[in-house]
Amino acid sequence: MRKTSCSSVLPAGVALALALTACHSPPLPPPIPVAGLEISIAHINDHHSNLEPHRDFELVLDGVPTRVEAGGFPRLTTLFRASAQLPNLLKIHAGDAMTGTLYHTLYNGEADAALMNTVCFDAFELGNHEFDEGDAGLRRFLDLLRSGQCRTTVLAANVAPAIGSPLAPRTPNDYLQPYLLKQFGAVTVGIIGIEVSGKTMNSSRPLPGTRFLDEVDTAQQTIDALRARGIRHIILVTHQGYDADLAMAARLTDVDAIIGGDSHTLLGDFSAIGITSSSGPYPTVARNRDGDPVCIAQAWEYAKLFGLLQVRFNDRGAVASCSGEVTLPIGDDFRQKDGSGAFVAVDAAQRARILGQLSGSGARVVAPDPIAQAELARYAGRLDDMKRQKIGIASQSLCLVRVPGESTNRSSGVAGCEEANTLARGSDVAQAVAEAYRQASKLADIALQNGGGIRTPLPQGDITFSTAYTVLPYTNVLFELQLTGRQLVEVLEDAVGNYLDRGGSDGSHPYAAGLRWQLDLSQARGSRFSGVEVKRKGSDVWRAVEPDASYTVVTSDYLAAGGDGYATLARVHQAGKSVNTYLNYTQTFVDYLLARGTVARPSASEYSHQRVITRQGKRLP
């Protein structure tokens, strides 16, 4: 099978289609009607440097909590290799390979690239976190990815780096391609990449000269250019989120399938094993602007899930049917509670019963691929000493939530967090991190943390150095800012308005220590927050925020500079009313855990969310 990438300049607007038509690939022959063509798409997304398996992943089988090793990149490699015999196969990664564990912190993409090259993806679409270390950091990762034999095509039709910058040293397409052409017999399939624009510009660190074009406009212009060359089968690989994929499908003509990422969305039915946080069927079938079906797929997060989508076309080149399955690859180390409440290995008879229960559940025992396992072992050895250092204990699970009431349970598989996303209190772990910041600052009345800056929950039990760097994987430092009470409320409105009003990431949702509120997401800006109270440094008394009083806030440099839509903080910062503490935010959390020894959920009065009404007007318990 032959694959071709475009190497033309990609200006915005109408000129984009002309430039795409002028790609150096040879002219294609007129389309040949092919009835019954079926394409298989094996895909993952958002593995975020999670290369090792999740060792205490919890399933519920016939009402019995059962722990098992789940996911891990070597198991995904096994499933990709098993799909290799399928005709007309595409292997796709829909972005956010980087940032999330010590493998990223210590290896800066080297370990991720090595494991990805055990799969040899046809296409890798950039995620927003690929820009976390700037354009130069992304180039370093892409150099590692292309250093092997795979030559994976890196897609991003709506990303235009400046000539002479790290991603475009000579031409705009030195590293990034708008699309990949893949030949299946007599049929050419176009695979177009689309990066989330606003979120990447606001939530990551691309160079100012790197332009991010409108997602829908760029997708349609690129589709039109490919259609003009006789290509009738179009697949989008996007990193913008499930809801945005659904909305995009309805606005585009001639799109057949969308393989997505970014929102960490679980699709498919896993209720038989106790996972009930699915956001829809796999695949989800939508309609494009032509009224034709569009197959939409995503594969959750953190190397837990493998997606395999089948798209069958009719003789017009339109989608005739969408089918497929998502697989949770697990080990066979099943553990259930004994009489003392400890999780212990089950006996042979119970193991056999469990294996029988897995049929049709979405979970399957999968052995790690030996080549991928050997690659992982090379990197794992150097991490072992650091990872094993115990720095504290979680006396109960601290659950991860972005927005209270959200449909996705980001703590699925963590005991004690089964309903975390349905409760008004929101993120336990964000509260703990905010408290760590507040205690680290000698001056701060209030600590502020965005929900998306916390990457994983904290399961009950020992906390290691590795755990802390998985929860807070970035390289931020803490800033102290002086705000009035009026500005404090504006900051909260900015945070929620970023996703309710501006279409930005809901990772901006605010959490705080020393500040609490009542929130009504069904109201307009200016009326969402009420009953805002502060507990001053050194005081145990909650008092209403005074509009003209001055308060000290500690937060990350990222939010202080206006990331995630925190515009009011940016204005304060630019006005010179901020001080760099030079405290690394992850080390601050580590120091907090070392000092406390044991961490637990705060008392109800300490949660920043005291009452929450959802967008739909429902009051959360």
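Me: What is the order of the five strands in the open sheet, and how are they paired?
Reply: Start with the general idea: strands of a sheet pair through backbone hydrogen bonds, either parallel or antiparallel. Here the order is S25-S22-S29-S24-S30, and the pairing is mixed. Strands (E, at least two residues) and helices (H or I, at least four) are DSSP runs, numbered from the N terminus. Two strands pair if DSSP finds at least two bridges between them. Keep in mind that this is a predicted model: local features need pLDDT of at least 70, side-chain atom pairs count only at pLDDT 80 or more, and totals for chains, interfaces and linings use all residues. Residues are numbered from 1 along each chain as its sequence is written, and side-chain values use heavy atoms, with hydrogens and water left out.

Me: Which strands stand at the edges of that sheet?
Reply: Strand S25 (510–513) and strand S30 (578–584) do, each with a single partner strand, so one side of each is left without a neighbour in the sheet. On average, neighbouring strands here are turned by 30° against each other, direction ignored.

Me: How many bridges join S24 and S30?
Reply: Strand S24 (residues 477–484) pairs with S30 in the antiparallel sense over four bridges. Look for Phe479, which stands opposite Asn580 in S30.

Me: Which helix packs on the sheet, touching S24 and S30?
Reply: First, contact means heavy atoms within 4.5 Å. Helix H17 (residues 585–596) is the one to find, and its direction makes about 60° with that of S30. For angles, axes are lines fitted to C-alpha atoms, for helices over the stretch in contact, and values run from 0 to 180 degrees between N-to-C directions.

Me: At what angle do H2 and H10 pack?
Reply: Angles under 35 degrees count as roughly parallel, over 145 as roughly antiparallel, 65 to 115 as roughly perpendicular and the rest as oblique. Helix H2 (residues 73–82) and helix H10 (residues 370–380) pack at about 155°, with their axes 8 Å apart. That makes H2 roughly antiparallel to H10. At this contact, Pro74, Thr77 and Arg81 in H2 meet Ile371, Ala372, Gln373 and Leu376 in H10.

Me: How many aromatic pairs are there?
Reply: Rings of Phe, Tyr and Trp (its six-membered ring) pair if their centres lie within 6.5 Å; planes under 30 degrees apart count as stacked, over 60 as edge-to-face and the rest as tilted. The count comes to 11. Among them, Phe80 and Phe121 have ring centres 5.2 Å apart and planes at 80°, so the pair is edge-to-face. Phe80 lies in helix H2 and Phe121 in the loop between helix H4 (110–116) and strand S6 (123–125), so the pair ties together parts that are 41 residues apart in sequence.
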